[in-house]
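Student: Hey, I've got a model open and don't know where to start. Can you walk me through it?

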Amino acid sequence: MKKILQLTVFLAIVAGLAGGALSFVNGMTDPIIQEQKIASVKENLEKIYPNGEEFKALDVSLSDYDALDAVYEADKGGSAEGYIYETSAQGYGGEVKTLIALDKDGTYKGLEIIDCSTETKGIGDQITGESFINSVVGKNIGDSIDTISGATYSSSAVIEGIEQATQHYNENFK
Amino acid sequence: MKKFDIFKKGLFAENPIFVLLLGLCSSLAITTSLTNAIGMGMAVICVLLMSNFIISLLRKIIPNEIRIPVFIVIIATLVKCVQMIMNAYTPELYESLGVFIPLIVVNCIILGRAESFASKNGVLDSILDALGMGLGYTLAVVIISFFRELIGTGGLSLYNPFDASQVIFQVSFFSDYAISLFTQPAGAFMTLGTILAFIQFLKVRKANKAKKAEVK
């Protein structure tokens, strides 16, 4: 009996020390990791929220949403201004990557096409054109968004991203 | 001289991959490029050095009955630390090595050395053993990835593992004739199998020569 107690205490101490070491390293590296997560997309995030908002990557499970890659929160004065989703969905020749921002009142605040290099030049890349972007930005959740005729695959990929982002927003942040 | 032998045996005579055949899972998976292999090698050396050091320090006070759980806790903690540090300072390498960094925990090389060497030998010997085994692992994955990258992509490239934008060299020899199978897992098995066969061939030939010399 005494032996078992001894072993238990020893293992508990080792595990406790290990936990302490881990929390120390985590505290040291976590801010850097967070910063890096944002650094790669920060330039694009600032295009959508240019007024000195602070961004942070949210640690949420996106396994139910195959078109969503990451979620960022834009904060101003300590409260959330809106949420920005990084999406990627199958277009005509490959994946179309976008950033779509939803304001706290449910308005599409911004849309940035990050990567549509696999889409046909002159046809699919119309999704980067102003007329398509403007047909999304400013609309509210529930408004319908039209595809571009002739560039159905490419614009559908963007809309797929928007729809999943909206669904996630409705379920988590509304 | 004996100290040097402890170091050297990990490189050749007891090379963890080519001779002991330990830790094959990660070594097959990450050997798609030289850069990955060197990065993974360094991660393994770090973990192995620290785990051998700590375990040989504690070898007298760790109760024999629970030594394996204690080893695993120590190793898992070290691996997690290395993982977080890599995520913070070498994000590109962290991305490309993916799940195989946390899997260093179950890499048999680490636990194997802890159990069979560090728990029985002094601190200095254990550090030498870790260095030898770690470098042996690195050497082996570099050799495998050299052939896989060369055959699979038709060229060789090496980036600074700490900063992927820093290209050390990048050459292409026959990219039109590359066999992309070799960048796939099946290619890893073929490459490893061929290398093992070659090593075996060398060993057998050496043994035969020795035998012939005896007969004469």
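Tutor: Sure, let's go from the whole chain down to one residue, keeping in mind that this is a predicted model.

Student: Okay, how many helices and strands are there in chain A?

Tutor: Chain A has 3 helices and 5 strands. Starting at the N terminus, the order is α-β-β-β-β-β-α-α.

Student: And is chain A a compact globule or more spread out?

Tutor: More spread out: the radius of gyration is 22 Å, while the globule rule gives 16 Å for 174 residues, so chain A doesn't match a compact globule. Its C-alpha atoms fill a box of roughly 80 × 40 × 25 Å along the principal axes.

Student: What share of the residues count as buried?

Tutor: That's 42% of the 174 residues in chain A. As for the surface, chain A exposes about 9500 Å², with 51% of that supplied by carbon and sulfur atoms.

Student: Switching topic: how many positive and negative charges are there?

Tutor: Chain A has 13 positive and 27 negative charges, and the mean positions of the two sets are 9 Å apart.

Student: Now a single residue. Where does A:Phe173 lie?

Tutor: A:Phe173 is in the segment after helix H3, which covers 152-172.

Student: Which residues does A:Phe173 touch?

Tutor: Leaving out residues up to four places away in sequence, A:Phe173 touches A:Leu58, A:Val71, A:Tyr83, A:Tyr85 and A:His168.

Student: And how far apart in space are A:Phe173 and A:Ala157?

Tutor: They're 23 Å apart, C-alpha to C-alpha, with their positions 16 residues apart in sequence numbering.

Conventions: Residues are numbered from 1 along each chain as its sequence is written. Chains are lettered from A and ligands numbered from 1 in the order in which they are written. This is a predicted model: local features need pLDDT of at least 70, side-chain atom pairs count only at pLDDT 80 or more; totals for chains, interfaces and linings use all residues. Side-chain values use heavy atoms; hydrogens and water are left out. Helices (H or I, at least four residues) and strands (E, at least two) are DSSP runs, numbered from the N terminus. Contact means heavy atoms within 4.5 Å. The radius of gyration is taken over C-alpha atoms; the globule rule is 2.2 Å times the number of residues to the power 0.38. Buried means under 20% relative accessible area, exposed over 50%, partly exposed in between (1.4 Å probe, protein chains only). Accessible areas come from the Shrake-Rupley method with a 1.4 Å probe; for residues, only the protein chains shown count as cover. Lys and Arg count as positive and Asp and Glu as negative; His and the chain ends are not counted. The place of a charge is taken as NZ of Lys, CZ of Arg, CG of Asp or CD of Glu.
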